[in-house]
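This report goes through the aromatic rings, the nonpolar cores and a sheet of one protein model. Please look over the sequence and the structure before reading on.

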Amino acid sequence: TSGSIVWCMPVPILKIRPGNPDFLDLPWDLPILDWDDPHLVEMPTGIHRHPVVFVAYPEGVYAIKELPVRLAKHEFKTLRKLAKRTTRSARPAGIVVRGWADPHEEYSGALITQFVNYAFPYRELVSGGGFGSRRRQMLDAFAGLLVELHLAGCFWGDCSLSNVLYRYDAAKLEAVMVDADTSRLYDELCVGQRREDLEIMQVNLAGDMSDIAAWQGYDLEEADLEIGFDITDRYVALWDELTTDLVIASDERYRIRERVGRLNDLGFAVDDVEIIPDGSSSLVRIAVSVGGRTFHSQRLRELTGIDAAENQARQILSDMRYHRAKHGGKYHPDSKTARTVSAMNWRINRFEPFTARIAELRPDADPIQEFCDYLNFRFAIAAERGRDIDSAVAFEEWIETGMPGFDPLITSLEQDSLP
């Protein structure tokens with residue numbers, strides 16, 4: 001009516017990547033910690049410098065982090081580029097700009113990322129004043145993550161326990177970077193940048209372990225303050241394994257296959273192999289360009305369409321080879337036709353029925369990790385009894401036994417010294 005005043009709710013600018021909700025139904029006029037919205041859900045998380053909440057949509061669960069708009073834009077851009085280089089970082093879904101707010105305030109911007117499925121913060125791994133039997137897995141997961149990020153040209157700048165989520169990957173742990181507001185991307189990192197990142201990690205983790213000891217009621221002298229240095233040792237070993245050139249005689253070409261096979265065994269895909277004369281007619285230098293740690297997961301996806309973590313995929317591929325050898329039919333077991341037909345048969349007759357049963361019994365668990373737990377159980381009882389155990393029989397026995405997972409103490413002793 002004439003003379004009346006109409007108050008309009010401020011409307012933010014949202015930039016959303018395809019395949020995600022539009023998030024327009026969230027109360028963006030309020031700080032996220034003041035929200036009372038049906039989309040809000042509780043999810044496991046670490047300690048953050050900025051406010052963080054989680055929202056659930058049919059498309060999935062998302063983390064929303066409130067921070068100054070400049071930092072939000074930087075992190076969104078960094079995560080978008082990083083997603084093209086590695087699988088070990090959070091996936092950005094969108095960015096929110098509250099144009100009416102002071103751009104220096106946390107309220108001015110928000111970053112939306114996809115929640116890492118079946119992930120959890122470090123506190124779920126704490127045992128006593130540290131990580132107990134999980135320590136070896138933690139060291140390998142952290143070192144592997146840093147190596148992958150550095151290979152991707154990412155200087156993290158703030159590596160700490162709280163900036164990482166973890167998920168089980170068969171007998172190991174996989175670490176995923178979830179905070180990148182301090183990160184910078186380059187074509188490649190120099191030695192000084194990598195060293196600086198490692199030094200930051202060592203200091204931050206010493207502080208994290210002091211906090212854990214205090215939280216658990218232990219004295220500072222009992223804190224695991226050396227964990228960052230142990231991670232550095234593993235990092236250096238793995239980095240050297242991946243990046244040191246190999247000098248061979250020109251008639252030792254088989255060593256090139258051995259070199260590539262060793263890297264594949266560690267889970268890394270090889271992009272290129274460069275053969276360079278080494279100043280002698282009889283010697284050549286082999287320089288390998290290493291991609292992400294996705295060798296087995298890519299193979300599994302190509303054969304079956306199943307998305308799994310790297311070590312999960314490695315174990316599942318082993319089961320598929322066992323299945324092909326046992327039920328290969330009329331085709332030669334190593335032929336492409338046999339691999340294709342057997343993969344389809346394995347998925348329809350083994351993987352899908354077993355994971356469907358797992359989902360009924362443990363609806364909130366990661367079905368692929370549970371399937372790997374079953375495979376480990378079948379292998380263990382077959383080794384103990386000295387004979388092959390039928391898959392269906394072993395599966396039922398695994399369920400009757402309580403669906404046990406990997407024993408972290410046993411698996412840590414069995415693992416290779418490299419991540």
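W346, F351, F354, F371, Y374, F395 and W398 are linked into a cluster by ring pairs. The model is a predicted one, and it holds 18 aromatic pairs in total. In one of them, F54 and F115 are edge-to-face, because their planes stand at 90 degrees. F54 belongs to strand 3 (residues 52–57), whereas F115 is in the loop between strand 6 and helix 2, 61 residues apart. F54 is buried at 7% relative accessible area, and F115 is buried at 11%.

Another pair, F142 and Y166, is tilted, with planes at 40 degrees. F142 lies in helix 2 and Y166 in strand 8 (residues 164–169), so this pair ties together parts 24 residues apart in sequence. The table lists ring-centre distances for both pairs.

| Ring pair | Distance between centres |
|---|---|
| F54 and F115 | 5.6 Å |
| F142 and Y166 | 6.4 Å |

F142 and Y166 also appear in the largest nonpolar core, which has 54 residues; along with F131, L161 and I231, they touch the most other members. Helix 2 (residues 135–151) contributes 9 residues, the most to this core. A second, separate core of 29 residues includes W346, F354, I368 and C372.

Charged ends also sit over rings: that of R194 is 4.0 Å from the ring centre of W239, and that of R378 is 4.6 Å from the ring centre of Y322.

The open sheet has 6 strands in the order 1-5-6-4-3-2, with antiparallel pairing. Strand 1 (13–16) and strand 2 (40–41) each have a single partner strand, so one side of each has no neighbour in the sheet.

Methods. Residues numbered from 1 in each chain as written. Predicted model: local features only at pLDDT ≥ 70, side-chain atom pairs only at ≥ 80, totals over all residues. Heavy atoms only, no water. Pairing = 2+ DSSP bridges. Helix = DSSP H or I, 4+ residues; strand = E, 2+ residues; numbered from the N terminus. Core = buried A, V, L, I, M, F, W, Y, C linked by side-chain atoms within 4.5 Å. Buried < 20%, exposed > 50% of the residue type's maximum accessible area, 1.4 Å probe, protein only. Phe/Tyr/Trp six-rings, centres within 6.5 Å; stacked < 30°, edge-to-face > 60°. Lys NZ or Arg CZ within 6 Å of the ring centre and 35° of its normal.
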